[in-house]
Amino acid sequence: MIYFDNNDTTQLHPDILEKMIPFFTEKFGNPASLHNLGLEAESAIDEARLQISGAIGAKPKELIFTSGATESNNLAILGAARARPNKKHLIISSVEHASVLNAAKRLEKDGYRITRLPVDGQGFVNPDSLRDAIDEDAFLVSILIANHEIGVIQDVKTLAEIAHSKGAWFHTDAAQALGKMPFNVEDLGIDLASFNAHKLHGPKGIGAMFVRRKNRPKRLMEGAPQEFDLRPGTENVPAIVGFGLAVEIAVRDLNEVESHIRPLQEKLAQGLAEIDNSMLNGPPPDERLLGNLNITFLYIEGEAILMHLAHRGIGVSSGSACSSKSLVPSEVLTAIGLIHEEAHGAIRFSLSRYNTEAEVDTVIESVKVVVDLLRSMTAFIPEVHSEKKGGTSFYRKR
Ligand SMILES: *Cc1c(COP(=O)(O)O)cnc(C)c1O
């Protein structure tokens with residue numbers, strides 16, 4: 001199988017599996033216990049907390065473990081709302097992950113005012129739109145630093161400064177950024193950030209949240225005082241150990257991995273740009289999230305392309321991975337101005353350190369064959385769409 005779906009999840013790095021195994025077997029202690037097994041588990045968690053906090057420029061006490069980026073996003077948004085009950089305005093972008101979009105919808109139902117900042121044709125938030133929206137009533141601004149669908153990377157440092165100018169806290173969902181680009185909470189000046197392990201060759205079901213000490217959300221669950229009283233429940237020790245090593249490896253190998261992936265990403269984009277009536281969603285390859293491409297093949301369904309590629313042993317996703325089982329077009333793709341049919345023809349390709357140039361060649365050839373086949377079965381190729389988007393230009397304007 002050729003796996004080009006690494007923004008969805010990634011293959012576990014073998015060293016990580018090896019490091020986790022003893023924590024399923026002989027090192028099974030509960031970190032809250034005071035005997036040797038407990039202390040061993042506790043010090044394993046401490047080591048992982050140091051590895052991850054060190055990698056993002058935070059103090060160990062500013063990092064708490066959760067079940068993943070979904071939980072961290074919910075804790076940041078709903079927990080910040082609880083911590084600052086006098087403020088009733090939340091600002092997000094219109095290209096967030098479902099866990100942020102839907103946490104915002106929850107607050108909206110509870111009477112909060114939500115501002116969803118628009119984005120340009122490549123997915124960028126204009127800082128001026130935040131300057132216009134921000135007010136003293138805003139308790140939090142939450143903007144995704146690196147987009148899982150279209151690879152756009154936002155100017156979080158500037159956006160955080162604007163949020164702070166009116167006293168709002170700033171949160172970013174960094175699930176795609178961690179280990180794929182430099183990420184330092186001090187340089188960015190942010191208060192809260194969400195992470196997970198399974199996007200960087202670590203295990204699933206484990207994540208973390210950076211919490212600046214003065215700006216603490218309120219916990220959402222009641223229980224014992226684990227994770228500095230922010231997230232009760234016995235810690236998932238093997239997964240935490242794996243997460244720590246995943247971050248250490250990703251940061252250690254970042255330059256090397258980037259010089260492997262970036263040329264493959266460029267080659268894949270160039271190869272697919274040769275297909276008529278294809279267009280790249282999001283910024284140009286060299287300006288976007290490492291390994292990510294999102295391409296619309298006009299006049300055919302993304303789902304049909306996905307199935308034909310799957311049949312040939314190639315794994316990609318259509319629209320957003322999370323909505324690929326439903327027919328609702330991705331909110332991210334409609335936010336950058338794609339009409340329904342264009343969003344439905346979108347395929348996301350996402351590469352990792354384990355992909356090769358030979359795989360890129362195979363995927364380019366297979367996509368060409370599949371697109372030709374599907375278009376030969378399409379009854380109509382309406383001119384109106386290509387005129388609307390300025391002919392067959394591969395790159396979208398900002
Ligand atoms: C994958 C992802 C999430 C969800 O993470 P889980 O750990 O699977 O809950 C959130 N945000 C972004 C940007 C993601 O890519």
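**Exercise 1.** Into how many nonpolar, polar and charged residues does the shell around the ligand divide?

*Solution.* The model is a predicted one, and the first step is to list the residues around the ligand, which are G68, A69, T70, H97, L144, H148, D173, A175, Q176, N196, H198 and K199. The next step is to sort this shell by residue class, with Gly counted among the polar residues, and the shell then divides into three nonpolar, seven polar and two charged residues.

**Exercise 2.** Determine which atoms of A69, T70 and D173 lie at short range from ligand atoms, taking 3.5 Å as the cut-off for a pair of N or O atoms.

*Solution.* Begin with the oxygen atoms of the ligand: a backbone N or O atom of A69 lies 3.0 Å from one such atom, while T70 places a polar side-chain atom 2.6 Å from a ligand oxygen. Turn then to nitrogen, where an N or O atom in the side chain of D173 is 2.6 Å from a nitrogen atom of the ligand. Finally, consider the surface: the ligand taken alone exposes 380 Å², of which the protein buries 86%.

**Exercise 3.** Describe the largest nonpolar core and where its residues come from.

*Solution.* This core has 68 residues, and those with the most contacts inside it are F183, I190, F195 and F243. Tracing its origin, one finds that helix α9 (residues 237-273) supplies the largest share, ten residues. At the level of domains, the core draws at least three residues from each of domain 1 (2-6 + 255-389) and domain 2 (14-252). Apart from this core lies another, of 31 residues, which includes L264, L293, V316 and F349.

How values were computed: Residues numbered from 1 in each chain as written. Predicted model: local features only at pLDDT ≥ 70, side-chain atom pairs only at ≥ 80, totals over all residues. Heavy atoms only, no water. Near = heavy atom within 4 Å. Polar contact = N/O pair within 3.5 Å; in protein donor to acceptor, adjacent residues only side chain to side chain. Areas by Shrake-Rupley, 256 points an atom, 1.4 Å probe, with all protein chains shown as cover. Core = buried A, V, L, I, M, F, W, Y, C linked by side-chain atoms within 4.5 Å. Buried < 20%, exposed > 50% of the residue type's maximum accessible area, 1.4 Å probe, protein only. Helix = DSSP H or I, 4+ residues; strand = E, 2+ residues; numbered from the N terminus. Domains from an automatic or database assignment.
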